[in-house]
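User: Please take a close look at a single part of this model for me. I am a first-year student, so explain each term as you go.

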Amino acid sequence: MKKIFLSISIAAAVFGFSGCYDAIFYNIRNEVPLEDGVINGYTNSIVRYQAPDGTEFLYLQNGNVYYKQISEDTDKKILTKNQGHGKWTKDSSAPEGISYSYFDQEFSGTYSCKLASDSKYVYLLGATPEYDESSSRNILKNFKLYCYSKENGWKSVDAVNTILKKYESTLAEDKYMMDSSIQLFCTNTPQNAHRKAYIRIGGGSPYYSWMSDKQTYGNDFTSEVINCGIIELNGTDTDIANVVPLGDGKIGTLEKTGAGKDTTSAVYANGEVYFLDYLASSTNETKDKDADYIYFGNGKTLYWFNTASVSSVKALDADPVGKSAGCADSILSMCVTNDSIILGTYEEGAYRVKTDSGKPETSTSDFTTNADSVMYNPYIVRMLFCTDPSLGETDNGSALYSALQFQYTESSASASYKNVGLWSYYNSEENGHRNNWNKE
């Protein structure tokens, strides 16, 4: 099986591609005139943030940080504001983006790698590139975590940054950070009260595993080879001793929530946070309804089960777990709407699974939009996001987002840099019911 290296949650590692870019994108442009891209570059995350007055925002990163309001001024539960091209605002108050001094031959500033959020804060994992002579490439180093609130702006999370600095100092110089594993993730729920954010420092799935093999799970970050631990974040008041108890690495009983060295995502259900060893996971929670289904992608398969049966889940190939087939490669991302789940894959585009009251069908179905003309080989569907999961995929007011990347050069990948970045689907009165996917 191919090894997917996504440990630092920034750019992906070794992906191979083939494709027929010219012919397919010629057809797309005949069907839908493409907008000029505003949000370009690698977007790994869109997260929700609620201001103290209840106004809902989205935040994203692509090396810098952007945001936009999505709740209507007259009714903050309606999430249809700013559904149109060019509505994102660069956050000039965020840590300064990277710049390069040709005189000093070095980078300065912060490259925004990943975002997360909880009920009070947005979190930013940033780093600074350094040129490595031996490998002849730029390597992200000096990782730092920041948090944002409307009241206090952006602040450094010093307790976490002390651990990040010590962790980096234990890594091997000749491994070029490929022996590292830093995961920032969150539940990202529609209901603000259910939003939780976490950071895992160390642990599984680096390209070179010799460092993670030495680590044990725990909250002692003082030893020479520091432990791997998942820390629950709480802004500048984050307590590094507040490490999530070790679980069994899988969904299980309520006492064993799955936290461990390989955890990469989390979902909220039954008043609990469940930690998963899968990049793509979600529920069917909406702003007015708690989740009654949990979904996650493992390999090419979508797995799912009712939240009421979580304590009976012992294995993926046994009841009460259901599964949906049809993806041609590993699932990296997903978003859930009221009548479908969209799945983004490693190198075979996006797939759609229809749902009925949250329960997925057992196989994929064709898109009714131009999604499969946008998200296909050779582009990595790195991120998917649904603004309002109470709406169907193409309902009035629906807003969906996708982030595309590719590996290597344009010619070798049969791809175009113009198509890297954020894409959106809007169907609202504000944008004239555009009803298609286009560059954001």
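Analyst: What follows is a close look at helix 2, then at some links and strands elsewhere in the chain.

This is a predicted model, where local features need pLDDT of at least 70, side-chain atom pairs count only at pLDDT 80 or more, and totals for chains, interfaces and linings use all residues. Residues are numbered from 1 along each chain as its sequence is written, and side-chain values use heavy atoms, with hydrogens and water left out.

Start with the length of helix 2. Helices (H or I, at least four residues) and strands (E, at least two) are DSSP runs, numbered from the N terminus. The expected span of a helix is 1.5 Å times one less than its number of residues. Helix 2 has twelve residues, so it should span 16 Å. Its end C-alpha atoms lie 17 Å apart, which agrees.

Now look at its two sides. Buried means under 20% relative accessible area, exposed means over 50%, and partly exposed is in between (1.4 Å probe, protein chains only). V160, N161, I163, L164, Y167 and E168 are the buried residues of helix 2. They sit on the same side of the helix, because they cover an arc of only 160° around the axis. That arc is taken from the directions from the helix axis to the C-beta atoms. An α-helix has 3.6 residues a turn, so residues three or four places apart point the same way. The other side of helix 2 carries the exposed residues D158, T162, K165 and S169.

What do the buried residues of helix 2 pack against? Their partners are strand 8 (122-132), strand 9, strand 10 (153-156), strand 11, strand 12 (197-201) and strand 13 (229-232). Contact here means heavy atoms within 4.5 Å.

Next comes a link from the loop after the helix. A salt bridge is a side-chain nitrogen of Lys or Arg within 4 Å of a carboxyl oxygen of Asp or Glu. E173 and K141 form one, at 3.3 Å from N to O. E173 is in the loop between helix 2 (158-169) and strand 11 (182-186), while K141 is in strand 9 (residues 137-149), 32 residues apart. E173 is exposed at 59%, but K141 is buried at 14%.

The count of salt bridges comes to nine. Another joins E440 and K68, with the closest N and O atoms 3.8 Å apart. E440 lies in the segment after strand 27 (436-439) and K68 in strand 3 (residues 65-69), so this pair ties together parts that are 372 residues apart in sequence. E440 is buried at 0%, and K68 is buried at 2%.

Strand 9 also holds position 147, a cysteine. A disulfide is a pair of cysteine sulfur atoms within 2.5 Å. The count of disulfides is zero. For C147, the nearest cysteine sulfur is that of C186, 14 Å away. C147 is buried, at 2%.

Finish with strand 22 (residues 350-356). Five of its seven residues are buried. Two strands pair if DSSP finds at least two bridges between them. Strand 21 (residues 340-345) and strand 22 pair antiparallel over five bridges. There, I342 stands opposite R352. The two strands form a hairpin with four residues between them, and G349 in the turn has a positive phi of about 75°. Strand 22 also runs antiparallel to strand 23 (residues 359-360), joined by two bridges. That hairpin has two residues between its strands, and S357 in the turn has a positive phi of about 55°.
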